[in-house]
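The following exercises are to be worked with the sequence and the model at hand. Each task is followed by a solution in steps.

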Amino acid sequence: MRAHPVSRPMFGMQFSCESIDDVARELCASPLPEGAGLRLLVTLNVDHIVNLRRNAAFRKAYRGAWKATIDGMPVLLYARLRGAGVPARVTGASLFPMVLDNLKPSMHRPFLVAAHQTTANILHARLLAAGFDDTQLGIHVPMFGFETDPVACADLVRQIAGLRATHVFFGIGAPKSEIWIDHHR
């Protein structure tokens with residue numbers, strides 16, 4: 001396995017220096033072995049920097065992330081000024097559709113957690129159009145505040161595990177998404 005290039009440390013962490021195409025390709029490669037747990041990908045922007053400073057659970061999630069990329073342009077410009085070596089942004093908003101378009105029903109089992117039912121419906125239709133059926137994907141729209149409800153969290157964990165998900169996408173905002181994944185992976 002080849003080593004992936006990383007930046008010089010910045011904000012107490014190192015960032016991937018891979019292109020968005022390389023990150024997407026890696027995310028769509030063969031799934032991790034069963035029981036390997038979730039790998040967390042984080043995409044740093046200015047709001048995350050503020051939250052990292054204030055929120056210990058968010059810092060813990062970032063420290064345990066499998067890969068960190070730079071999302072925000074101000075952060076990329078700062079990285080360039082510091083000589084961190086990150087060549088380009090890898091935004092979650094750009095990466096998500098690339099990954100979604102490259103998931104294969106024969107190999108992947110995506111699970112999506114969406115903030116709104118309309119979003120969930122659009123993503124469900126997109127995955128069905130890509131050849132997935134309802135036994136190969138999962139979509140969940142949690143109730144507001146679910147992350148503080150042990151029963152709701154346990155139910156979501158059961159749904160993800162029951163699907164044997166290869167990819168879990170959380171679209172409920174930061175820092176909630178990162179903290180939940182870090183705590184329950």
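Is Arg25 buried, partly exposed or exposed? Arg25 is exposed, with a relative accessible area of 53%. The classes are buried, under 20% relative accessible area, exposed, over 50%, and partly exposed in between, with a 1.4 Å probe and protein chains only.

The model is a predicted one, in which local features need pLDDT of at least 70 and side-chain atom pairs count only at pLDDT 80 or more, while totals for chains, interfaces and linings use all residues. Residues are numbered from 1 along each chain as its sequence is written, and side-chain values use heavy atoms, with hydrogens and water left out.

**Exercise 1. Salt bridges**

Determine how many salt bridges the whole structure holds, and describe the partners of Arg25, Lys67 and Arg185.

Step 1. A salt bridge is defined as a side-chain nitrogen of Lys or Arg within 4 Å of a carboxyl oxygen of Asp or Glu. A search of the whole structure yields seven. In general, side chains of opposite charge can pair when their charged atoms come close.

Step 2. Arg25 pairs with Asp22 in a salt bridge of 2.6 Å, N to O. The two residues are three apart in helix 1, and so are separated by about one helical turn. Helices (H or I, at least four residues) and strands (E, at least two) are DSSP runs, numbered from the N terminus. An α-helix has 3.6 residues a turn, so residues three or four places apart point the same way. Asp22 counts as partly exposed at 27% relative accessibility.

Step 3. Lys67 meets Glu18 in a salt bridge of 2.3 Å, N to O. Because Glu18 lies in the segment before helix 1 and Lys67 in strand 2 (residues 67-70), the pair ties together parts that are 49 residues apart in sequence. Glu18 is buried at 5% relative accessible area, and Lys67 is buried at 7%. Salt bridges link Glu18, Glu26 and Lys67 in a network.

Step 4. Arg185 forms a salt bridge with Asp182, the closest N and O atoms being 2.9 Å apart. Arg185 is partly exposed, with a relative accessible area of 32%, whereas Asp182 counts as buried at 13%.

**Exercise 2. The surroundings of helix 8**

Identify the buried residues of helix 8 and the elements that cover them.

Step 1. Helix 8 spans residues 176-184, and Ser177, Glu178, Trp180, Ile181 and Asp182 are buried there.

Step 2. The cover of these buried residues includes strand 1 (41-44), helix 2 (46-54), helix 3 (56-63), helix 7 (150-163) and strand 5 (167-171).

Step 3. Ser177 of helix 8 counts as buried at 6% relative accessibility. Leaving aside residues up to four places away in sequence, Ser177 touches Phe170, Gly171 and Ile172; contact means heavy atoms within 4.5 Å.

**Exercise 3. Backbone geometry**

Find where the cis peptide bond at Pro175 lies, and where Phe11 and Arg164, with their positive phi values, are placed.

Step 1. Most residues other than glycine have a negative phi, and most peptide bonds are trans.

Step 2. The peptide bond from Ala174 to Pro175 is cis, with omega near 5°. Pro175 belongs to the loop between strand 5 and helix 8.

Step 3. Phe11 has a positive phi, near 55°, and is placed in the segment before helix 1 (20-28). Its relative accessible area of 37% makes Phe11 partly exposed.

Step 4. Arg164 has a positive phi of about 60° and sits in the loop between helix 7 and strand 5. Arg164 is partly exposed, at 47%.

**Exercise 4. A helix pair**

Describe how helix 5 and helix 6 pack, and classify the residues of their contact.

Step 1. Helix 5 (residues 92-102) and helix 6 (residues 117-129) pack at an angle of about 35°, with axes 10 Å apart. Axes are lines fitted to C-alpha atoms, for helices over the stretch in contact, and angles run from 0 to 180 degrees between N-to-C directions.

Step 2. From helix 5, Phe96, Pro97, Leu100 and Asp101 meet Leu123, Arg126 and Leu127 of helix 6.

Step 3. The residues of this contact divide into five nonpolar, no polar and two charged. Ala, Val, Leu, Ile, Met, Phe, Trp, Tyr, Cys and Pro count as nonpolar, Asp, Glu, Lys and Arg as charged, and the others, Gly among them, as polar.
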